[in-house]
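Q: Please take a close look at one buried part of this model. Describe what surrounds it and how the neighbouring elements are arranged.

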Amino acid sequence: MKRKNHSADFKAKVALEAIREDMTVAELAKKYGVHPTQIGTWKRTAITRCSVPASGGSDR
């Protein structure tokens, strides 16, 4: 079976829906035809890339 390469836009769309939690990961997996584990990976990646570290000020 050939692996499917999903576009960054598709991954972001699915990850955003997973973050919203309007549907379960299983429901999203069925809706988009991808494995639930893959959605979890995309979700974690999206959260990591969107998080901004808190500024702790200067050490001087």
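A: Leu-28 is placed in helix H2, a helix being a DSSP run of H or I with at least four residues, numbered from the N terminus. The model is a predicted one, in which local features need pLDDT of at least 70 and side-chain atom pairs count only at pLDDT 80 or more, whereas totals for chains, interfaces and linings use all residues. Residues are numbered from 1 along each chain as its sequence is written, and side-chain values use heavy atoms, with hydrogens and water left out.

With a relative accessible area of 0%, Leu-28 is buried; buried means under 20%, exposed over 50% and partly exposed in between, with a 1.4 Å probe and protein chains only. Leaving aside residues up to four places away in sequence, Leu-28 touches Val-14, Glu-17, Ala-18, Met-23 and Ile-39, where contact means heavy atoms within 4.5 Å. Of these partners, Glu-17 is eleven residues from Leu-28 in sequence, with 7.9 Å between their C-alpha atoms.

Leu-28 shares its burial with Ala-29 and Tyr-32, these three being the buried residues of H2, which spans residues 25-32. Viewed down the helix axis, the three fall within an arc of 100°, so they line one face of H2; the arc is taken over the directions from the axis to the C-beta atoms. The face turned away from this buried side carries the exposed residues Ala-26 and Lys-30. H1 and H3 are among the elements that cover the buried residues of H2. Ala-29, for its part, touches Val-34, His-35, Pro-36 and Ile-39, again not counting residues up to four places away in sequence.

The two covering helices also meet each other. H1 (residues 8-20) and H3 (residues 36-50) pack at an angle of about 90° with their axes 8 Å apart, the axes being lines fitted to C-alpha atoms over the stretch in contact and the angles running from 0 to 180 degrees between N-to-C directions. H1 and H3 are therefore roughly perpendicular to each other, a term for angles of 65 to 115 degrees. In this contact, Phe-10, Lys-11, Val-14, Ala-15, Ala-18 and Ile-19 of H1 meet Ile-39, Trp-42, Lys-43, Ala-46 and Ile-47 of H3. By class, nine of the residues are nonpolar, none is polar and two are charged; the nonpolar class comprises Ala, Val, Leu, Ile, Met, Phe, Trp, Tyr, Cys and Pro, the charged class Asp, Glu, Lys and Arg, and the polar class the others, Gly among them.

Ala-18, a partner of Leu-28, lies in H1 and is buried, with a relative accessible area of 5%. Apart from residues up to four places away in sequence, Ala-18 touches Leu-28, Ile-39 and Lys-43. The C-alpha atoms of Ala-18 and Trp-42, 24 residues apart along the chain, are separated by 9.0 Å.

Leu-28 and Ala-18 both belong to the largest nonpolar core, whose eleven residues are Phe-10, Val-14, Ala-15, Ala-18, Leu-28, Ala-29, Tyr-32, Val-34, Ile-39, Trp-42 and Ala-46. Such a core is a set of buried Ala, Val, Leu, Ile, Met, Phe, Trp, Tyr and Cys residues joined through side-chain atoms within 4.5 Å. Each of H1, H2 and H3 supplies at least two residues of this core, and the largest share, four residues, comes from H1.

The backbone on either side of H2 deserves a remark. Most residues other than glycine have a negative phi. Glu-21, in the loop between H1 and H2, has a positive phi of about 65° although it is not a glycine, and at 59% relative accessibility Glu-21 counts as exposed. Just after H2, Gly-33 takes a positive phi of about 70°.

As for the setting of Leu-28, the protein chain has three helices and zero strands, following the pattern α-α-α along the sequence. Buried residues make up 22% of its 60 residues.

Terms used:
Angles under 35 degrees count as roughly parallel, over 145 as roughly antiparallel, 65 to 115 as roughly perpendicular and the rest as oblique.
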